[in-house]
Amino acid sequence: MEYVLRSTPGNVQWGLWDGRSAPVLRIASGDRVTIETLSGEPDDLPDPSLGFDVVPGHAEVLASTFRGPGPHLLTGPVYVEGAEPGDVLEVRVLDITLRCNWGWNLQVPTLGTLPEDFPEFRRIHIPLDRAHKVARLPWGQELPLAPFFGNFGVAPPAGWGRLSSKEPRAFGGNMDNKELGVGSTVYFPVFVPGALFSAGDGHALQGDGEVCLTAIEAALTGTFEFHIRRDLRLASPRAETASDWITIGFDEDLDDAAKAALRDMIALICEQSSLSAQEAYTLCSIAADLRVTQLVDGNKGIHCVLAKSRMP
């Protein structure tokens, strides 16, 4: 079955992940859902008279939705029938499209990677050419777009209560990993019945690190396909693309985030091959790449990438 989930009042959560949230859509394993998302709090919206096409209904969602402790707008949650704690939800990212002709970028005092160097508040709106798939930056440069969802995943354990949408955790959330675009498959450990998948925080383009605080934030529509996996057991998200395996670590300390991503890659190599953990550790040192996912979300991120061609 195929479904469409609109970003209308009642279908969007603002700034929170909560395992007690009521689902807005129920689907079966194998179904596809096209999910509309929104980007931006009230002050982030541009002046439409400048030629920017603000998504219809965005203001109504902001006016009618409870605001949690974080800033992100997340569409969902989607209940996958039969998913139970201990399972893994396989999410295939089939398509991503822009919903508007602009994105926004933000710098905020005390936040970002270099707050001591850049203490001023700065918000800019960046034109996006959907026909040519480029962003036009204020200084005249054009860059090709590479959209992905920065914040998506399943619900946390209900006992964790209401969490901010800011910090990425074991359930996914604000991972801000630019590798997870169209064609990627992400595997999330399930913590509550139905998994309760949500998506938002669309990015039109981001560099590894997302250093000034945001990417080019933009409203996106994504099409996802969901599969319950009972043959896998995970403690944190993993991903793959056509060419690579990806493991992900989060921690306030970047060193500990790197250790988490590396340990999971070693485990993945052992699962996929006959190598011992020590041999897999050597292979990672020779052939895998540790990349800084983001430095600005409280829990920093490192992802470890190993080309499938280098898997024994």
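## Reading a predicted chain, residue by residue

User: In which strand does V93 lie?

Analyst: V93 lies in strand β7. Helices (H or I, at least four residues) and strands (E, at least two) are DSSP runs, numbered from the N terminus. Strand β7 covers residues 88-98.

User: What should I know about the model and its numbering?

Analyst: This is a predicted model, with residues numbered from 1 along each chain as its sequence is written, and local features need pLDDT of at least 70, side-chain atom pairs pLDDT 80 or more, while totals for chains, interfaces and linings use all residues. Side-chain values use heavy atoms, without hydrogens or water.

User: Is V93 buried or exposed?

Analyst: Buried means under 20% relative accessible area, exposed over 50%, and partly exposed in between (1.4 Å probe, protein chains only). V93 has 2% relative accessibility, so it counts as buried.

User: Which residues is V93 in contact with, leaving aside neighbours within four places in sequence?

Analyst: A contact has heavy atoms within 4.5 Å. V93 is in contact with L180, G181, V182, G183 and S184, and also with T223 and F224. For a sense of sequence distance, take V93 and F226: they are 133 residues apart along the chain, yet their C-alpha atoms are separated by 9.2 Å.

User: Stay in that strand. Which side chains does a polar contact join to E90?

Analyst: A polar contact is a pair of N or O atoms within 3.5 Å; within protein, one must be able to donate a hydrogen and the other to accept it, and residues adjacent in sequence count only if both atoms are side-chain atoms. E90 lies in β7 too. Its side chain has a polar contact of 2.6 Å with that of R92. Another, also 2.6 Å, joins the side chains of E90 and R229.

User: Is E90 buried or exposed?

Analyst: The relative accessible area of E90 is 5%, so this residue is buried. Beyond four places in sequence, E90 touches T185, V186 and Y187, then E225, F226, H227 and R229.

User: Now an acidic residue in a loop. Where is D44 found?

Analyst: D44 sits in the loop between β5 (32-36) and α1 (58-64). It counts as buried because its relative accessibility is 4%. A polar atom of the D44 side chain lies 2.8 Å from the backbone nitrogen of E41. Apart from residues up to four places away, D44 touches W102, W104, R123 and H125.

User: Which residues does M175 touch, not counting those up to four places away in sequence?

Analyst: They include G150, F152, P168, L180 and F188. Also among them are P237, I248, F250, T293 and Q294. M175 is in the loop between β14 (172-174) and β15 (185-189). Its relative accessible area is 0%, so M175 is buried. M175 and F250 are 75 residues apart along the chain, and 8.5 Å separates their C-alpha atoms.

User: On to backbone geometry. Which peptide bond is cis, with omega near 10°?

Analyst: That is the bond from G76 to P77. P77 is in strand β6 (residues 73-80).

User: What is phi of K133, and what is phi of A195?

Analyst: K133 has phi near 60°, a positive value in a residue other than glycine. A195 is another non-glycine residue with positive phi, near 70°. K133 is in the loop between β9 (122-129) and β10 (134-136). A195 is in the loop between β15 and β16 (197-205). With 57% relative accessibility, K133 counts as exposed. A195, at 0%, counts as buried.

User: Zoom out. How many helices and strands does the protein chain have?

Analyst: The protein chain has three helices and 22 strands. Its radius of gyration is 19 Å, close to the 20 Å from the globule rule for 312 residues, so the chain is as compact as a globular protein of that length. The radius is taken over C-alpha atoms, and the rule is 2.2 Å times the number of residues to the power 0.38. The C-alpha trace spans about 60 × 45 × 35 Å along its principal axes.

User: What share of the residues of the protein chain count as buried?

Analyst: Of the 312 residues, 55%. Among contacts with a separation of 6 or more, 77% come from residues 24 or more positions apart.
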